[in-house]
Every structure is written in structure tokens, then in C-alpha cells.
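Please look through the sequence and the model below before reading on. The notes that follow take up surface charge, disulfides and salt bridges in turn.

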Amino acid sequence: MGLKGFIFFAILSFSALSQLSPSFAEEEQGNGLVMNFYKETCPQAEDIIQEQVKLLYKRHKNTAFSWLRNIFHDCAVQSCDASLLLDSTRRSLSEKETDRSFGLRNFRYIETIKEAVERECPGVVSCADILVLSARDGIVSLGGPYIPLKTGRRDGRRSRADVVEQFLPDHNESISAVLDKFGAMGINTPGVVALLGAHSVGRTHCVKLVHRLYPEVDPALNPDHVPHMLKKCPDSIPDPKAVQYVRNDRGTPMILDNNYYRNILDNKGLLIVDHQLANDKRTKPYVKKMAKSQDYFFKEFSRAITLLSENNPLTGTKGEIRKQCNLANKHHEDP
């Protein structure tokens, strides 16, 4: 074999190796996440998280909604690094305390899961992975699909409260802005339509929807749905601390299913973004397809959650493994 032949063979071999070796490809992409990252260092980690999610769901059904919201509120803001879970310090505001985190709760139960994992493997499993895996298992609790997700994330050391508005899509924004923000994470239009299907479960506080009821009822709302909304939200300026809310889906409020799409096509969506989703020419075809096929909804939802969970993670030597999920290690003092 001549020199040119040898070089050509070497290039072919290198190309084949790069295609066959996942770790090589991941290093090239700078992702660093893999399936079952803890199989050597904490083999029981994913089972412990799954067991804790199930136990908590039996006692507090709304924890599953919280885990689903957490992955959106954390991973959509620059990085999937559990910055959402950090408490405020003298120098920085917690993301949990921003207006956009209104209604988020059950953070203390993330600590419950973390403590159970720490008992088995101290200092090994990140809060970022616990946040993502609890969302995965919470989705199953709600009747949704099981989504295999990679692990290996590390925890950020600072709050990202100052950029929440910039990155997190808002229910009052135009559908174009919502598509753009998710698009920046690699999530395409059907993926966005599927992610908003999370509005199939849980509830919306009256604070978020009274502008559609007062001073005049939004004519886009289904008139048959309005009396129920007015009954649940009788005040034009609701008390944010009062338990005043409307269930997102009155038919199957505890089940993640495609009923949401049938509701919004019937103008029963509570939020402006729900209405836009069902009427914008870019999204309506996917809304109609998901209304007809739960399998299609689950397929696109699984793909979008996977992309969201892999948004710019900290891996390798970046970040840290927090001892407590609400405190960066430099703020954590052992007793």
C-alpha cells in the first residue's frame, strides 16, 4: 500500500470509529451526558429516585405536576443545572422568587429525594439529574410515556434569576416568541405544540387568567366554559396567596393526555398561548394531529422533553455536586 493509500485508509478508519463510538461523538459535541451515568458510582440511584417519586405521589398528587414544571423552568433558562433550586442569598435572588416562578412549589420534596440518594451514595448524584429524573418519573405517574433520559449533569453554582425573562417562554407572549425561544434549544414546532400539552394536567391560578375575564370576557373563549371560569375566579384582582384556580382540563385533570388539544380546538384553553396554539397556521395542523392521536402526541412530547433535558448541561469538571439542592456548596456548612 502506498502512502496515499495508507492515508485514505486511515481517514476511513477514523471516520468509522467516530460513527461507532458514542463517547467519541459526545466528546466532539461537548454534551457529556450518557445513559445510566451512575451505573458504576451509584447503581441504585435511578431506582431510588423512581421509588421516592412514587411514594411522594401517593401522599401528594400535585408533586408530579411540580416535577414536570421544574424541568421546564430550570432547563429552559440557559442550562439544565438545577439553578432553579437555589435559595436566595445576600448577593443574588433565587429563580424561585421571580414572578415567572409563581405557583411553583414542593421544592422541599426534592430535598427528600436528594436525602434518600445521599444515604446510598453521598456526594455522587447531582441535583440537576434528580430534577430531570423526577420529571421523567412524574410524567409516568400522570399516565404519560416513559422517556429514557441521559444523566451526568452537574449542578450550577449561581441563580439565573437575572435572565429568566429572556429565556423562559411566557404564556402571554406571541406564538412567534414562544416558537423562537424553544427553537433556540433545538425544539421544533411540533415539539413546542407537544410540550404545551403539559397544560393537560394541573391548574392555572386566577392571577394568570383574569385578564381574559375582566373587565370584559375575551370573545375568543367558548361561552359554555366562561361561567365555570367566572365561578372559580370571582375577583378581577385575585389575591395571589388565595387558593383560586381553574383546572387546566376539567375532563381528565390528573392525566397527561391529548384531551388538552381537543379542549383548545373547542376554545376552552385558559391561557392566551393555548388559544394561539389552536389558531396559528404554523401550529394548528399539529394541534389537530395530536387531538386525533395520543401516540403522536407522546412521540413528539418525548422527543421535546429529551431535547429540553439536554439543554446546555454542565458536565465533566464544570459545576459541582451539591450537598443540598437549595445551597451551592460554598454556602453549605457542615454542622
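Which residues gather in a patch of positive charge on the surface? In this predicted model, the patch is made up of Arg 203, Lys 231, Lys 232, Arg 247 and Arg 250. Besides this patch, the model contains four disulfides and 13 salt bridges, and the points below go through them by topic.

**The positive patch**

- One member of the patch of positive charge is Arg 247, which is placed in strand E2, a strand that covers residues 245-247.
- Arg 247 has a relative accessibility of 32%, and because buried means under 20% and exposed means over 50%, this residue counts as partly exposed.

**Disulfides**

- A disulfide is a covalent bond between the sulfur atoms of two cysteines.
- When the bonded cysteines are counted along the chain, the disulfides follow the pattern 1-4, 2-3, 5-8, 6-7.
- Cys 42 and Cys 121 are joined by a disulfide with an S to S distance of 2.0 Å, and with 80° about the S-S bond this link is right-handed.
- Cys 42 sits in the loop between helix H2 (22-29) and helix H3 (45-59), while Cys 121 sits in the loop between helix H5 (107-120) and helix H6 (127-141), so the pair ties together parts that are 79 residues apart in sequence.
- Cys 42 counts as buried at 1% relative accessibility, and Cys 121 counts as buried at 7%.
- Another disulfide is formed by Cys 75 and Cys 80, whose sulfur atoms are 1.8 Å apart, and both of these cysteines are buried.
- Cys 206 and Cys 233 also form a disulfide, with their sulfur atoms 2.0 Å apart, and this disulfide is left-handed because the torsion about its S-S bond is about -80°.
- The pair of Cys 206 and Cys 233 links distant parts of the chain, 27 residues apart, with Cys 206 in the loop between strand E1 (203-205) and helix H10 (226-232) and Cys 233 in the loop between H10 and E2.
- Cys 206 is buried, with 0% relative accessibility, and Cys 233 is buried as well, with a relative accessible area of 1%.

**Salt bridges**

- Asp 137 and Arg 136 meet through their side chains in a salt bridge, at 3.2 Å from N to O, and these two residues are linked with Glu 46 in a network of salt bridges.
- Asp 137 counts as buried at 4% relative accessibility, and Arg 136 counts as buried at 3%.
- Glu 320 forms a salt bridge with Arg 157, and the closest N and O atoms of the two are 3.1 Å apart.
- This pair links distant parts of the chain, 163 residues apart, since Glu 320 lies in the segment after helix H14 (294-309) and Arg 157 lies in the loop between H6 and helix H7 (164-167).
- Glu 320 counts as buried at 9% relative accessibility, whereas Arg 157, at 43%, counts as partly exposed.
- Glu 300 forms a salt bridge with Arg 303, with the closest N and O atoms 2.4 Å apart, and both residues lie in helix H14, three residues apart, which is about one turn of the helix.
- Glu 300 is buried, with a relative accessible area of 6%, whereas Arg 303 counts as partly exposed at 33% relative accessibility.

Note on methods
Residues are numbered from 1 along each chain as its sequence is written. This is a predicted model: local features need pLDDT of at least 70, side-chain atom pairs count only at pLDDT 80 or more; totals for chains, interfaces and linings use all residues. Side-chain values use heavy atoms; hydrogens and water are left out. Patches are made of residues with over 30% relative accessible area and no salt bridge: like charges are joined within 9 Å, nonpolar side chains (Val, Leu, Ile, Met, Phe, Trp, Tyr) within 5 Å. Accessible areas come from the Shrake-Rupley method with a 1.4 Å probe; for residues, only the protein chains shown count as cover. A salt bridge is a side-chain nitrogen of Lys or Arg within 4 Å of a carboxyl oxygen of Asp or Glu. Lys and Arg count as positive and Asp and Glu as negative; His and the chain ends are not counted. The place of a charge is taken as NZ of Lys, CZ of Arg, CG of Asp or CD of Glu. Helices (H or I, at least four residues) and strands (E, at least two) are DSSP runs, numbered from the N terminus. Buried means under 20% relative accessible area, exposed over 50%, partly exposed in between (1.4 Å probe, protein chains only). A disulfide is a pair of cysteine sulfur atoms within 2.5 Å.
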